[in-house]
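Student: Could you take me through one part of this structure closely? I would like to see how its residues are placed.

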Amino acid sequence: MKLITSSFLPTAITAAAVLGVGLTTSASAQESYKVGVEASFPPWAYVEGGEFKGIAIDAMEAIAEEAGIEIAFQDMPFPSLIPALAAEKIDILATGLTVTEERSENIDFTIPWWETNDVVLVPEDTDHNVFTAICCGARVGVQGGSSQQAWIEENVIETSDIDVELAKYDSYVTAVDDMAIGRISSVIVDDTSAQEYINAGKPVKMAGKIYIRAPLALAVTKEDPQGILGDLNQAILAIYESGEWGEIVDEYIPGVSVPAIPGHMPDFVDTYQKPVAGLPELGNE
């Protein structure tokens, strides 16, 4: 498990220890924060050579260094991540997490650090378009508990008579592999991950895009019991303004246009109502 060790030891901590004074700063509240990731979700998080890698991994390390905290990554299936965060079994959720209204009722989000649209992937040797790939007897793969599952359920399965079957997977990598051998017809995934699969040589292509303009963010337990939301917000903005965030993204997706931070956040997100934790000048009115 990859662990970031911090050299941050302010004089105030030493003085407080000598004087017996309690400390209240969030960065010193505990020795290490557990960061939940789904390590089968390239380019955001994956394992290579026994080490965690990916945009979310490198960015979370940079954020931890900026905030002066220590972190330890914990790999979990995606459907387990939000319940684990809500139950305080992990402290931070750092995989490419789409902001939704339902999720905002159970967890709290940082400022948004990415914006994504969804893509319908199909085998490269088919002539399916974005419509035929998700209708007419198609078996469509999604990750269980994902925003893509919610989209197809709300916009296709529950609101029409279109003949389509939903196949839910723990991992998008497994879904894409199953599609390549004919077990499912198509896969709905975010556009960043879709491009990663194509760049990696998977026998797939994009049939079309679903424009949802969904923000992505880190998340903490509801009501921020660890008191780290402000530190995370400040650190996210700091690595963006320093250019470090752009360098991390470019390493994994060369040439991609990096959205500005902070991006648009829907009004239903309580933690983005002005003033935002750690960044009081930001937020929706």
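**A close look at helix 6**

Tutor: Happily! Helix 6 spans residues 172-180, and its buried residues are Tyr172, Ala175, Val176, Asp178 and Met179. Here buried means under 20% relative accessible area, exposed is over 50%, and partly exposed lies in between, with a 1.4 Å probe and protein chains only. Helices are DSSP runs of H or I with at least four residues, strands are runs of E with at least two, and both are numbered from the N terminus. Before going on, please note that this is a predicted model, where local features need pLDDT of at least 70, side-chain atom pairs count only at pLDDT 80 or more, and totals for chains, interfaces and linings use all residues. Residues are numbered from 1 along each chain as its sequence is written, and side-chain values use heavy atoms, leaving out hydrogens and water.

Back to those buried residues: they sit on the same side of helix 6, because they cover an arc of only 160° around the axis. That arc is taken from the directions between the helix axis and the C-beta atoms. As background, an α-helix has 3.6 residues a turn, so residues three or four places apart point the same way.

Now the two ends. At the start of helix 6, serine 171 has a side-chain oxygen within 3.1 Å of the backbone nitrogen of valine 173. After helix 6 comes glycine 182, with a positive phi near 90°.

For a link elsewhere, tryptophan 114 and tryptophan 245 are both buried, and Trp44, Trp113, Trp114 and Trp245 form one aromatic cluster. Rings of Phe, Tyr and Trp (its six-membered ring) pair if their centres lie within 6.5 Å, with planes under 30 degrees apart counted as stacked, over 60 as edge-to-face and the rest as tilted.

Conventions: A polar contact is a pair of N or O atoms within 3.5 Å; within protein, one must be able to donate a hydrogen and the other to accept it, and residues adjacent in sequence count only if both atoms are side-chain atoms.
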